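Visitor: Could you take me through one part of this protein slowly? I'm new to reading structures, so plain words would help.

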Amino acid sequence: MKRLLLLCLALILLISVTTSCHKNGNNESSQWNFAYTIEKRSFMQGETICITVDVTNIGKRYEFFGSAVDLFGPAELYLNSDENQTLETLLFTNPCDAAKSVFKKGEKAQYTYYFYTNENSPEGLYTFKVPFGGEYKIFESILAVNAPPTEEELAVEDLADALIRKEYPTLSLENCRVDINQNTKGEYSVEYTLTIGDYRTYESYHVKFNADKTVKNFHANYEGKYSAYLLFATDDKINAAEEKLTKQLEKYETHSGFYLSIDDQGYLCLNAEVIVDSLFNDHEHKFFTERICGLQQE
């Protein structure tokens, strides 16, 4: 139950991941824009985690000795609840290159980090900290590590799958994330959350079981509302919306993370929110939106 609760929390947080940037020195603005890519957001114990980091110079020209990769440093992937609990990674080494180099504004550097889990890796949410060129970036709650499901949980999921396929035959289970939880009475609940690309939607399906594994009840939220876009929301369209939104957000140090919505004209959109400080210790909310697709081929 603990594993499943943590997984559920992780998936909720991934809708509105908050990032933060800490810089060495007293500079008010960052020299670098950090971004990362990861293949998925939930990992089972025993899996290898691969995180690719891209850094863009958004400040003045930067002179240094070595290659652009030398500006990276050893990264950490640590447990949110205990920063001392870090995942094992390869020993970080920099190429030996003493030549003087210039990192111009607009230029990019990339490095891929690998982290390893095993049966002793703590379950929970993990935060990623990566250094580059005298600064470091913290991406909070980017993934969850969980223990593999038990045989009993798998059996309950099979029962729930059968019911969902019968009651909602048009739903694609392959596009759903599944969370299983058990309460103190021994009753199970199984939740299916529809995803488009790497993003959760508000469309979900729920099945509750009694302690003897008989069905207690089931229901759906926003049935069919988002799944109607699965055919049209291609990877290319999602990537295009991500790139446009990323460009709009470059000047902001933090934002809510990307999340999906449907606008008033019926378009599936990718969104982000930024909170900006204003006068008199107040703040304002700025919302950014890029359309992904409509309900027809474009």
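Visitor: In what sense do β17 and strand β18 pair, and over how many bridges?

Guide: Happy to. Before we start, this is a predicted model, where local features need pLDDT of at least 70, side-chain atom pairs count only at pLDDT 80 or more, and totals for chains, interfaces and linings use all residues. Residues are numbered from 1 along each chain as its sequence is written, and side-chain values use heavy atoms, with hydrogens and water left out.

Now your strands: β17 and β18 (residues 268–277) pair in the antiparallel sense, over four bridges. Strands here are DSSP runs of E with at least two residues, helices are runs of H or I with at least four, and both are numbered from the N terminus. Two strands count as paired if DSSP finds at least two bridges between them. In general, strands of a sheet pair through backbone hydrogen bonds, either parallel or antiparallel. Want a spot to look at? Find Tyr259, which stands opposite Asn271 in β18.

Zoom out a little, and you'll see an open sheet of three strands in the order β17-β18-β19, with antiparallel pairing. β17 (259–262) and β19 (283–293) stand at the edges with a single partner strand each, so one side of each has no neighbour in the sheet. From one strand to the next, the twist averages 40°. Helix α3 (residues 235–249) lies across β18 and β19, and runs at about 155° to β19. For such angles, axes are lines fitted to C-alpha atoms (for helices, over the stretch in contact), and angles run from 0 to 180 degrees between N-to-C directions. Contact means heavy atoms within 4.5 Å.

Next, look at two cysteines, Cys269 and Cys293. Cys269 is buried at 0% relative accessibility, and Cys293 is buried too, at 1%. Buried means under 20% relative accessible area, exposed means over 50%, and partly exposed is in between, using a 1.4 Å probe and protein chains only. Are the two bonded to each other? The sulfur of Cys269 is 8.9 Å from the closest cysteine sulfur, in Cys293, which is too far for a bond. A disulfide is a pair of cysteine sulfur atoms within 2.5 Å, and the structure holds zero of them.

There is a charged pair here as well. Arg291 forms a salt bridge with Asp263, and their closest N and O atoms are 2.9 Å apart. This pair links distant parts of the chain: Arg291 is in strand β19, while Asp263 is in the loop between β17 and β18, 28 residues apart. Arg291 counts as partly exposed, at 42% relative accessibility. A salt bridge means a side-chain nitrogen of Lys or Arg within 4 Å of a carboxyl oxygen of Asp or Glu. The structure holds six salt bridges.

To set this part in the whole, the chain has three helices and 19 strands. Of its 298 residues, 42% count as buried.
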